[in-house]
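Student: Could you take me through one part of this model up close, and then show me how it sits among the rest? I'd like one connected story, not a list.

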Amino acid sequence: MDLHDFSLRQLREGLQKRDFSAQELTKSLLKRIHTLNPELNAFVTVTEAAALESAAQADARLAKGESGTLLGLPIAHKDIFCTADVPTTCGSKMLKNFVAPYSATVVERLAAEGMVMLGKLNMDEFAMGSSNETSYFGPVRNPWNTEMVPGGSSGGSAAAVAAGLVPVATGTDTGGSIRQPAALCGITGIKPTYGRVSRYGMIAFASSLDQGGAMARSAEDCALLLSAMAAHDPRDSTSHPAAASDFLRGLDRPLQGLRVGVPEEFFGEGLDPEVAAAVQAGIDQLAKQGASIQSIRLPNNPHAVSTYYVLAPAEASSNLSRFDGVRYTHRSSAAESLDDLYLQSRYEGFGAEVRRRILVGTYVLSAGYYDAYYLKAQQVRSLIREDFRRAFAEVDVIVGPTTPEPAFPLGAKNADPVAMYLADIYTIAVNLAGIPALSLPCGFTQSGLPIGMQLMGDYFADDLLLNVAHRYQQESDWHLARPNLKAGEA
Amino acid sequence: MAFDEDAVRRTAYLARLALPMDEVPAVANQLEKIMALVEELCAISTEGVLPMAHPLDLEQPLRPDQVSNHDERQRLMASAPATEHGLFLVPKVIE
């Protein structure tokens, strides 16, 4: 096994035992990034010099006998997290030259742990997309089949982790942007309970839905990373006072007596039969490990996509009004008046999908339509949350597919935005409710594409989801499969 | 519901997006499809259902009104596309 296949725990042991240094580890992954990234396009920025410098600092701390859980371990951040002194593009031409004056809380916390940042990861523009094709910096390719999309919007994070460019990465999830790419790239990713992870310095898309989380090759690595990410942050007014937790603590609890609910609505029309079979096998595996399985109903889940495509664009149109061509964004050189400067800079700076969502959001919030769309969607959002409330009175965890189909070919859904939106049909309700959910690998299609299974939990049951996923991964080896990448051994 | 070309032009101006004329028909068509997707919401009975704005029922936290930011004018303006004498430049607004 090579360093790029190691889990965080194995890497930590190697560093502690001085089998290799943080600098050697960093150099070996940088070499792998240089070899594989030209094709995968997972990294937008590689911070080689800064990475070697933090690795040297980590080595000095290790030599002094420090034993921090994440000290010297490599990471890369989705390019939506602000990093002082390193560009933060959010996948947009609008922020092509933007260097944030401060770092996101998540970035600061992980740096303080001694993690070594290797760079910033590609993403759909402003996190709007499910295929990573809306990025101004070009699409990311799926390491399992480079003709396929990696999913989105955290597609760079998922591809980088799956390809072994980095053992863990941060991501963000507004409607499925951690779980859907995790499923399509065969990795594990958790969207925590809303309020767990600080949104300070995380560029806002839809503030009542956005949540940062962890992406890794195993639930255990997600738990390690999330334990350092989750904390109450006074700089984020939606940060929860009880956000912090040690997610490793309950990881090994047996699944005996676990009540698993399987929603009928997740297995209806539109679900790929290979995905259905693999997820069913995953559920059977949980039963074999001691869980009791029962069928449940989430009757309002079919309305989640329409509810989301009113609320998320509405919030986005408001959040993205700050990009005006004046203070820190792309500025049109064609403008002659101030109004023209706004109009031209915003048209030139935003890509087609972002413009589309801004238009939808502006429309549903405009005079005469607010009650019919925005207020109505907020009411349906209540109904969706109520569904989950009722379900979690009877079960501990809800299990279903993460996506209706495996990775699709690049370009397949570009002409039809609505077809693309339906890629998130099973992930969106979770964000509307604000509950935690996790995707983990549960099989492969005949053609060798990964399939993801989704676990959903009640508010603040993030630890239970990680526990169930970890136990599942103790008895299965889907998460240990690696794509066959032609690269010089790193 | 009709997302006609007039509605697109009106909304684009409200959103301050200079949509070129030749793009309007295609955008109108896509927005029409998106609105057709969300139209199904109208049929759902929501009488007496409280609108949900946010997942957590938390009160807005308050903190003492103290200065916590440092003067970082130069850093904050470093990414600005056009500045002069420490000010953001915009096209002339008063003749």
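Tutor: Here is a walk that starts at one helix and works outward from there. Keep in mind that this is a predicted model, and that every value below is computed from it.

Let's begin with helix α9 of chain A, which covers residues 304-319. How far apart are its end C-alpha atoms? They are 22 Å apart, and since 16 residues at 1.5 Å a residue should span 22 Å, the two agree. As for its surroundings, 14 of the 16 residues of α9(A) are buried, so the rest of the structure largely encloses this helix.

Now for the core that α9(A) feeds into. The largest nonpolar core has 170 residues, and those touching the most other members are A:Ala160, A:Val161, A:Val166, A:Val168, A:Met215 and A:Val397. The biggest contribution to this core comes from α9(A), which gives nine residues.

Pick out A:Ala160 from that group. If you ignore its neighbours within four places in sequence, A:Ala160 is in contact with A:Ala42, A:Phe43, A:Ala76, A:Leu121, A:Leu165, A:Val166 and A:Ala169. One of these, A:Val166, is itself among the core residues that touch the most other members.

Staying in chain A, have a look at the loop between β3 (116-121) and α5 (155-162), where A:Ser153 sits. The peptide bond joining A:Gly152 and A:Ser153 is cis, with omega about 10 degrees. Most peptide bonds are trans, and most residues other than glycine have a negative phi.

That second habit has its exceptions over in chain B. B:Arg16, in the loop between α1 (5-14) and α2 (24-38), has a positive phi near 50 degrees. B:His85, in the loop between β1 (83-84) and β2 (87-88), also has a positive phi near 50 degrees. Is each one buried or exposed? B:Arg16 has 21 other C-beta atoms within 10 Å, so it counts as buried. B:His85 has 5 within that distance, so it counts as exposed.

Last, the two chains meet. Their contact takes 57 residues from chain A and 42 residues from chain B. On the chain B side, the elements giving two or more residues are α1, α2 and α3 (73-77), and α2(B) supplies the largest share, six residues. By class, that side of chain B has 30 nonpolar, six polar and six charged residues.

Definitions and conventions. Residues are numbered from 1 along each chain as its sequence is written. Chains are lettered from A and ligands numbered from 1 in the order in which they are written. This is a predicted model: local features need pLDDT of at least 70, side-chain atom pairs count only at pLDDT 80 or more; totals for chains, interfaces and linings use all residues. Helices (H or I, at least four residues) and strands (E, at least two) are DSSP runs, numbered from the N terminus. The expected span of a helix is 1.5 Å times one less than its number of residues. A residue is buried if 20 or more other C-beta atoms lie within 10 Å of its own, exposed if 12 or fewer, and partly exposed in between; C-beta atoms are placed from the backbone. A nonpolar core is a set of buried Ala, Val, Leu, Ile, Met, Phe, Trp, Tyr and Cys residues joined through C-beta atoms within 7 Å. Two residues are in contact if their C-beta atoms, placed from the backbone, lie within 7 Å. Ala, Val, Leu, Ile, Met, Phe, Trp, Tyr, Cys and Pro count as nonpolar, Asp, Glu, Lys and Arg as charged, and the others, Gly among them, as polar.
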